[in-house]
Amino acid sequence: MHVLVIGGGISGLAAAHQLLADGARVTVLEAGAVLGGKLRAGSIAGTAAVDLGAESMLARRPEAVELARAVGLGERLAPPSVAGGALWTRGTVRPMPKGHVMGVPGDPAAVAGVVSPEGLARIEEDERLPRTEVGEDVSVGDYVAGRLGREVVDRLVEPLLGGVYAGDAYRISLRAAVPQLYEAARGERSLLAGVRAVQQRAAAGPARRGPVFMGVEGGIGRLPGAVADACAAKGADIRLSTPVRELRRVAGEDGARDWLAVTDHGTVRGDAVVVAVPAPAAARLLGPHAPDAAAGLDQVAYASMALVTLAFRRADCDGLPDGSGFLVPPVDGHAIKAATFSTRKWGWVAEQDPGLFVLRTSLGRHGEERVLERDDAELVELSLGDLRAATGLRARPVDTLVTRWRGGLPQYPVGHLERVSQIKEAVARVPGLAVAGAVYEGVGIPACVAAGRRAARHLVQHPANPADRTVPQAGETGEREQRREP
């Protein structure tokens, strides 16, 4: 079976890697000049390697770590050198409170200092309030604010969710983004009691060893190249700068229906196809074949953001607060939403140039795309101004690098899981078609790897062009019914 994989991000590469392992022939078609999607490695100050996109992956979920090991990066996997984040709020950088689930505490005392005395009193009302019916879904912000007050959302939940989705807590789905809290809300009258129940189940579960997060020496941006090299070694045809303009279905020589990818450099024929591109491009390609899926994908919104990487003389950064960096609640009105002290967080960053201190800031959330219209110098100055206000850092960097991610993260609004279910059902009705990417199963690297693997296995288990065409395959009967003359 020859499978076309459209999109060379980590989801598409994971699909290609799985397909090759299952004996398929694979052609990867990537519109850009580089592979990796939102995973990208770069350098600053001449030689210092840095990540220009995602910098770590959840290690407690196995898919991404497994893939890294499978493609030869096992010995380069590295956990953060320091743990524990912080918040810059109410005029100071303070440690992130302990004992919370995505910013929601189980004990009001844990968030004293971050939340005002009035806010703490509001949290305690949760134990006396009647149950909140969450129905099929509700936004994280609306549910938590209704139980504990807006301060918990604005100063704790928003910065944490913003680090994952760059979105708005009052729009993001509780069921999709924080499923353990959604289940707690369905089973407990009190949200505080629900958080404590989540924590107790985690403590009573199998002991989890090892780090929560993992990076790669030289940058997580090395992962896509390693996967691509492993795929090429197994015979994959990987084509860069090859955007797919159209997908067609055509009659093959054996009477089966093949897929034809129309590109600027000609056409490529395959037995099946994995569409692993962002929602707008996927909607355009799927429109003629799965219109219901295309309609759902057309409704997916994205957040854009900018990463500002700064390199300083290390001696100038001795006064920075402890830890790996800090998050910034949007309610405080600052430009940056987070700062990461890369030299502290990753041992490999510190070791490559002992005289440098590398840190990065992020700017932009859903609905704040205008911040990306500022030029690089303005984004650098905004970052330096906030760093000075937060930490007292007054030094000028020796080098800077601005990376813009337009349409970087899909948003998961209320009802997102139902929409994704409908998209998947519509795609499943088309033989030889599968989708993968951050839209469907989670925005983290392990979730994207899992989505790619799932798409690959679906095509292998349900081939569109089986040798015996007399046996209908999954989804084929429905298609035949649609073509039948009245």
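This report describes a predicted model, taking the sheet, the salt bridges, the nonpolar cores and two buried residues in turn.

## The five-stranded sheet

Five strands make up an open sheet with parallel pairing, and their order across it is β12-β2-β1-β16-β22. The edge positions belong to β12 (237-239) and β22 (433-435); each of these has a single partner strand, so one side of each has no neighbour in the sheet. From one strand to the next, the twist averages 15 degrees. In general, the strands of a sheet pair through backbone hydrogen bonds, in either a parallel or an antiparallel way.

Within this sheet, β1 (residues 2-6) pairs with β2 (residues 25-29) in the parallel sense, over five bridges. Val-5 has Val-28 of β2 standing opposite. A helix also lies across part of the sheet: α17 (residues 445-461) lies across β1, β16 (272-275) and β22. Relative to β22, helix α17 runs at about 170 degrees.

## Salt bridges

The structure contains 23 salt bridges. Side chains of opposite charge can pair when their charged atoms come close. Three pairs and one network are described here.

One pair is Arg-245 with Asp-264, whose closest N and O atoms are 2.8 Å apart. Arg-245 belongs to strand β13 (residues 244-251), while Asp-264 sits in the loop between β14 (257-263) and β15 (266-270), so the salt bridge ties together parts separated by 19 residues in sequence. Arg-245 has a relative accessibility of 47% and counts as partly exposed. Asp-264 is likewise partly exposed, at 47%.

A second pair joins Asp-376 and Arg-404, with an N to O distance of 2.5 Å. Asp-376 is in helix α14 (residues 376-391) and Arg-404 is in strand β21 (residues 399-410), so this contact ties together parts that are 28 residues apart in sequence. Asp-376 is partly exposed at 36% relative accessibility, and Arg-404 is partly exposed at 26%. The side chains of Arg-313 and Asp-316 also meet in a salt bridge, at 3.3 Å from N to O. Arg-313 has a relative accessible area of 48% and Asp-316 one of 31%; Arg-313 counts as partly exposed, and so does Asp-316. Elsewhere, Lys-424, Glu-441 and Arg-454 are linked in a network of salt bridges.

## Nonpolar cores

The largest nonpolar core has 48 residues, and Val-144 and Val-157 have the most contacts inside it. Elements that each supply at least two residues of this core are α3 (117-124), α4 (140-148), α5 (150-165), α6 (174-177), α7 (179-187), α8 (191-204), β17 (302-313) and β21. Helix α5 contributes the most, with seven residues. Because domain 2 (96-204) and domain 3 (302-410) both give residues to this core, the core lies between them.

Not counting residues up to four places away in sequence, Val-157 touches Met-102, Gly-103, Val-104, Val-140, Val-144, Val-152 and Ala-169. Apart from the largest core lies another one, of 43 residues; Val-28, Ala-68, Leu-77 and Ala-230 are among them. Val-28 is also the residue that stands opposite Val-5 in the pairing with β2.

## Two buried residues in helices

Pro-224 lies in helix α9 (residues 222-233). Its relative accessibility is 1%, so Pro-224 counts as buried. Leaving out residues up to four places away in sequence, Pro-224 touches Leu-13, Leu-35, Gly-36 and Leu-39. Pro-224 and Val-71 are 153 residues apart in sequence, and their C-alpha atoms are 9.7 Å apart in space.

Ala-426 is found in helix α15 (residues 416-428). With a relative accessible area of 4%, Ala-426 is buried. Its contacts include Ala-290, Asp-292 and Ala-293, not counting residues up to four places away in sequence. Between Ala-426 and His-289 the separation is 137 residues in sequence and 9.4 Å in space, C-alpha to C-alpha.

Definitions and conventions:
Residues numbered from 1 in each chain as written. Predicted model: local features only at pLDDT ≥ 70, side-chain atom pairs only at ≥ 80, totals over all residues. Heavy atoms only, no water. Pairing = 2+ DSSP bridges. Helix = DSSP H or I, 4+ residues; strand = E, 2+ residues; numbered from the N terminus. Axes fitted to C-alpha atoms, helices over the stretch in contact; angles between N-to-C directions. Contact = heavy atoms within 4.5 Å. Salt bridge = Lys/Arg side-chain N within 4 Å of Asp/Glu carboxyl O. Buried < 20%, exposed > 50% of the residue type's maximum accessible area, 1.4 Å probe, protein only. Core = buried A, V, L, I, M, F, W, Y, C linked by side-chain atoms within 4.5 Å. Domains from an automatic or database assignment.
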